[in-house]
Every structure is written in structure tokens, then in C-alpha cells.
Protein chains: 2
Amino acid sequence: MKILQDRIRRDGKVLSSHILKVDSFLNHQVDPDLTMQIGQAFADVFREERVTKVLTIEASGIHFALATAYALHVPFVYAKKKKAVTQSDDVYSAPVHSFTRKEDYQISIAKSYLSSDDRILIVDDFLATGAALIGLKQIVAEAGAELLGVGAVIEKSFQEGRGLLEEAGVRVVSLARIKAMSSEGIEFIEEETSK
Amino acid sequence: MKILQDRIRRDGKVLSSHILKVDSFLNHQVDPDLTMQIGQAFADVFREERVTKVLTIEASGIHFALATAYALHVPFVYAKKKKAVTQSDDVYSAPVHSFTRKEDYQISIAKSYLSSDDRILIVDDFLATGAALIGLKQIVAEAGAELLGVGAVIEKSFQEGRGLLEEAGVRVVSLARIKAMSSEGIEFIEEETSK
């Protein structure tokens, strides 16, 4: 997605070879027009797949889920994070390890909002280690729903997330795939889905 | 907002005289069309006020902030919650007491994203005790920005939040004001802004 890549080059801050700060336009402060365009881009890719529900994880995936769900005219559900492992009969849950925060947490979704009839598109802001997305994938499987694919706004292609998801048979669509980055600049992988 | 009130009557679950569950269409699972209409309703009320930024708090305010900011063509910023009180020079922060979770937390916004030139509209899903919104109000004041008003999707009018905000001179616009509720039903306060 050309305008996203341009915006990342202009307003993103490369703090190290692994850390990209986009909190002036994608998380924390958010550009609503760009966000709606991102949702439209995911919807365009998955429109023929008869998506019944968009899934994401609080908090930084929520606005992208709204934008995507609005473009597809289906509901979205955001998984909740909690530190306490209070397993309830009413929720599907999965453990996630956060590498940035060096802690484990549980993500959960109420069973009422996921069924075996659902055709799911997962969206999130970043795909890096894939830990959170693999947790969501596990929840979708537990519900017996079908996972149509994962849409990531930004992919750190030098990390293992895409590989792990693809090995598990998941289709991955990222709107900006970063091959490498440094204070010198950001190198993107060009893709057929880019526009 | 008539369609919101109807939807709350239809899909909301009154668990007690104080607890209303709307997680099948407003938080957790979210209806994107209704969310965009809610944002439009807030934008309609504040359109003449030259809003420069919409503010909210993660996680359940984020989709309403996107919808409102998109309708007003301005950015939105979501305050982050954290339990650890790590006061930094780079953020505005305020303490908030959560009555439902019985714990204190800090909300914070990076100083880069709030300036004394900003004209702020705060939006959130619920107005009950007002604790979180008063924390946000404090952050807006600290930044020297102007607070144009607070938009709440649902107001529990039998709690003190609106009173506290109005006493502090804040304009409050709620799209569904609940006067009382029980297993028998929900009574709304009809308002001039309702439609």
C-alpha cells in the first residue's frame, strides 16, 4: 500500500533495527482517513471470501478492525487481554508471550461471539513474532470457526511471524512489509497486493 | 439517539440496577455501522466548534473516537492505561480510580500529541462515575488545551459523572441517557439532542 509506505517513511521513527515507532499516525495518535483506507484495503483483498467476522486484540488493533469490518459490513470482535489467568467456561482463551514487555498474558473472547459457522479475518497493527496472532488463531480453532487469513498493517519481515503463520497454513496479507530498517532508512518488500 | 436507545433496549442486558452489558454490539463485539453513526452524531453536535483533536481512553473508547474523528476529519489520540506509576517527562498523566475493578491506574498521553492550540472533544463509551473522563479533562488542562465537551455513548444518569463534569464547566452530550434500569426494562431521559 503505497500511501502507507510513504507515510511510514515520512512519519515513522526507526529507533533501532527492530523498533519502529508509528505512534504519531497509527497508534496513540491516529489518522482516521488513513485508518479507513487501511480497512478498505483489507476488505478489498478478502471481499470474495464471505467473511462473517473481523477479529483483533485490544487496544491497538481496534481501529483497524472497525475500519475493516465497516468496509465488509460485518461485526468485529476484539479479544481482551488480562494478566490474571482466570479461565472461565464462557470464554475461549489462549496464552500469549509478549517479547517487548517480557511478560505472559491471556487473551480471551466470549464464546457467544464466535461460532463454528464463522468465517474469520484477523487484523492487527503489527506482525513481528506473531505471538499475539497465533494466540488468536488458536481461539478461532477452538471455536471451530474458519480462519480465512491475517491482515497486518505493518509486517517486520525480518522477524519470524509470517513464517510461523504460513507454516500453519494461514494466508498473510501485510500492507507494508519491512525488509530492513535503520537510521539510514526503511526498505520495503514490494508485493503484488501493494497499490 | 433513537436507534441507539432501541438497540440498547433490544440487545443490552441489565444485570442489576447499576450494570448494563452491551458487549454484543458496543464493546467486545461491535456493530461497525452503528459505531460510525454514533461518531457522526457526536460530529454533528460539535461540528461548529472547530475541534482539532478527539481524545479517548483505551480500549473501549477507541472505535468511537475513530468514528467521530473520521466524521470531523481530525486526528484522534487514545490515552494509555498502565498500572505502574512511571511518571515520565514526555507524557501528561493523571490518576484514575476504577470503581468497577476497585483499583487505581494512570492514564497518559505523549506531550507531542497535545498542545495549547488544541480544541479537544473527549468521547467514551460510558459516563457513570466520570472518573476516567475527569482524568482526561485534567490532562487536557495540563496541556493548556481547550476542552469543548465530552461525548458519552451511554450515560448512567443516576450516577454522579455528569454532575461532576458540569460543575467543572464541561459540556456533556450523551447519546443515550439512562434514568433507571431493572430487569423490567430501561427508562431513558429524552433530550433535545436525541434523534
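Start with both chains on screen and colour the interface: 100% of the interface residues of chain B are also interface residues in chain A, so the copies meet through the same surface. Contact here means that the C-beta atoms of two residues, placed from the backbone, lie within 7 Å. This is a predicted model, where local features need pLDDT of at least 70 and side-chain atom pairs count only at pLDDT 80 or more, while totals for chains, interfaces and linings use all residues. Residues are numbered from 1 along each chain as its sequence is written, with chains lettered from A and ligands numbered from 1 in the order in which they are written.

Now superpose the chains. A rotation of 180 degrees, with 0.0 Å of shift along its axis, puts chain B on chain A at an RMSD of 0.0 Å (least squares on the C-alpha atoms of residues with pLDDT of at least 70 in both). The two copies are thus related as by a two-fold rotation axis.

Next, select the chain B side of the contact. Each chain puts in 21 residues. On chain B, the elements giving two or more residues are β3 (29-30), α2 (32-46), α3 and β5 (76-82); helices (H or I, at least four residues) and strands (E, at least two) are DSSP runs, numbered from the N terminus. The largest share, five residues, comes from α3(B). Colour this side by class and you get 14 nonpolar, four polar and three charged residues (Ala, Val, Leu, Ile, Met, Phe, Trp, Tyr, Cys and Pro are nonpolar; Asp, Glu, Lys and Arg charged; the others, Gly among them, polar).

Stay with α3(B), residues 62-72. All 11 of its 11 residues are buried, so the helix is largely enclosed by the rest of the structure. Buried means 20 or more other C-beta atoms within 10 Å of a residue's own, with C-beta atoms placed from the backbone. Click along and you'll pass B:Phe64, B:Leu66 and B:Tyr70, among the buried ones. Just after the helix, stop at B:His73, which takes a positive phi of about 55 degrees.

Then pick β3 of chain A (residues 29-30) together with β5(B): two bridges join these antiparallel strands, and strands count as paired if DSSP finds at least two bridges between them. Zoom in on A:Val30, whose bridge partner in β5(B) is B:Phe76.

Finally, show chain A alone. You should find five helices and 11 strands, in a C-alpha trace spanning about 50 × 40 × 30 Å along its principal axes. Buried residues make up 49% of its 195 residues.

Methods. Buried ≥ 20, exposed ≤ 12 C-beta atoms within 10 Å, placed from the backbone.
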